[in-house]
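Let's take a walk through this protein together, starting with its aromatic side chains and working outward from there. Keep the structure open beside you as you read.

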Amino acid sequence: KTWRKRFACIILSIVTLLSLTGCNGQAPAQPAAPAANGTAQESAAPAQTDASQAPQGKIAVVFATGGLGDLTYNDSLYAGVKETCDRLNLGFDYSEPMEAAEYEPLLRGYAETGEYNLIISLGFSQVSSLEAVAPNFPDQKFMLIDGVLEGYDNIASYTWRQNEIWYMVGTLCGMMTKTKTIGLVCHFDNASTSMNAAGLIT
């Protein structure tokens, strides 16, 4: 619930800063899908017969590999975006890529439609894909979560001090261990997991 609220607050803040434009006519029966596979969409705002009640904008999310049901970042982001879209009457489309190679075509597919006020990339593994896509769509707003891209006016990067989080994890483990030995299994060998390990070891 805590991460859900954090994601909702972040997204709500940046969406508020964007200049949202209303949709023309009635809400579409089916949300547009980007030109790539591994995609699922839904509309957070239900279809309305009154055009004045149509979604006032749209948000797209490219989740991290693993997709929904992971009980962690993907699920937390989904809940936060859904809550924000319901509150602001926004449409919500998303994709659950099965592998990293799908990131770039999914991002590009969403951007090419020109329909989205904000496109969100989740995870540091999407950094290179977003860096390849964003410069080609200077008027499209992107959000990168758990990664950093600097020097782009249309990308807002959000991350957290993982070493501090893992310092607290290490402290808790140290208080609980009966063998004075702590084990850590990392899913990737990269800067992010190295920072986590450094915090825990400290």
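A good place to begin is with the aromatic rings: the structure, which is a predicted model, holds 5 aromatic pairs. Take Phe63 and Tyr94 as an example. Their ring centres are 5.7 Å apart and their planes meet at 70°, so this pair is edge-to-face, given that planes over 60 degrees apart fall in that class. Where do the two partners sit along the chain? Phe63 belongs to the loop between β2 (58-62) and α2 (73-88), while Tyr94 is part of strand β3 (residues 91-95), so the pair ties together parts that are 31 residues apart in sequence.

Are these two residues buried or exposed? Phe63 has a relative accessibility of 0% and counts as buried. Tyr94 is also buried, at a relative accessible area of 10%, because the cut-off for buried is under 20%.

Tyr94 has another ring partner as well. The centres of the Phe92 and Tyr94 rings lie 5.6 Å apart with the planes at 45°, so here the pair is tilted. Both of these residues are buried. If you now select Phe63, Tyr78, Phe92 and Tyr94 in your viewer, you are looking at one aromatic cluster.

Let's step back for a moment to the overall plan. The protein has 6 helices and 6 strands, and from the N terminus on, these elements follow the order α-β-β-α-β-α-β-α-β-β-α-α. Of its 202 residues, 39% count as buried. Contacts across the sequence are well represented: among those between residues at least 6 apart, 65% join residues at least 24 apart. On the outside, the protein exposes about 11300 Å², and carbon and sulfur atoms supply 54% of that area.

With that plan in mind, turn to the interior. Which residues touch the most other members of the largest nonpolar core? In this core of 34 residues, they are Val61 and Ile120. At least two core residues come from each of β2, α2, β3, α3, β4 (118-122), α4 (127-133) and β5 (142-145). The element that gives the most is α3, with 5 residues.

Val61 makes a handy viewpoint from which to look around. Leaving out residues up to four places away in sequence, Val61 touches Leu77, Val81, Phe92, Asp93, Tyr94, Ser95, Tyr110 and Ile120. Two names in that list, Phe92 and Tyr94, will be familiar from the aromatic cluster. Ile120 is there too, and Val61 and Ile120 are the pair named above for touching the most other core members.

Another residue that Val61 touches, Tyr110, leads us to helix α3 (residues 103-113), where the buried residues are Tyr103, Leu106, Leu107, Gly109, Tyr110 and Ala111. An α-helix has 3.6 residues a turn, so residues three or four places apart point the same way. That is a helpful rule to keep in mind as you turn the model. Just after α3, Gly114 takes a positive phi of about 70°.

Glycine is not alone in having a positive phi here. Asp146, which is not a glycine, has a positive phi of about 70°. Asp146 is found in the loop between β5 and β6 (155-158) and is buried, with a relative accessible area of 8%. Lys180 is another non-glycine residue with a positive phi, near 65°. Lys180 lies in the loop between α5 and α6, and at 79% relative accessibility it counts as exposed, because the cut-off for exposed is over 50%.

The two helices on either side of that loop round off the tour. In α5 (residues 162-176) you will find Ile165, which is partly exposed at a relative accessible area of 32%. Together, Ile165, Tyr167 and Met168 form a nonpolar patch on the surface, with about 300 Å² of accessible area.

In helix α6 (residues 191-201), look for Asn196. Is this residue buried or exposed? Asn196 is buried, with a relative accessible area of 8%. Setting aside neighbours within four places in sequence, Asn196 is in contact with Gln162 and Trp166. Cys186 is 10 residues from Asn196 along the chain, and the C-alpha atoms of the two are separated by 9.0 Å.

Terms used: Residues are numbered from 1 along each chain as its sequence is written. This is a predicted model: local features need pLDDT of at least 70, side-chain atom pairs count only at pLDDT 80 or more; totals for chains, interfaces and linings use all residues. Side-chain values use heavy atoms; hydrogens and water are left out. Helices (H or I, at least four residues) and strands (E, at least two) are DSSP runs, numbered from the N terminus. Buried means under 20% relative accessible area, exposed over 50%, partly exposed in between (1.4 Å probe, protein chains only). Contact means heavy atoms within 4.5 Å. Accessible areas come from the Shrake-Rupley method with a 1.4 Å probe; for residues, only the protein chains shown count as cover. Rings of Phe, Tyr and Trp (its six-membered ring) pair if their centres lie within 6.5 Å; planes under 30 degrees apart count as stacked, over 60 as edge-to-face and the rest as tilted. A nonpolar core is a set of buried Ala, Val, Leu, Ile, Met, Phe, Trp, Tyr and Cys residues joined through side-chain atoms within 4.5 Å. Patches are made of residues with over 30% relative accessible area and no salt bridge: like charges are joined within 9 Å, nonpolar side chains (Val, Leu, Ile, Met, Phe, Trp, Tyr) within 5 Å. A salt bridge is a side-chain nitrogen of Lys or Arg within 4 Å of a carboxyl oxygen of Asp or Glu.
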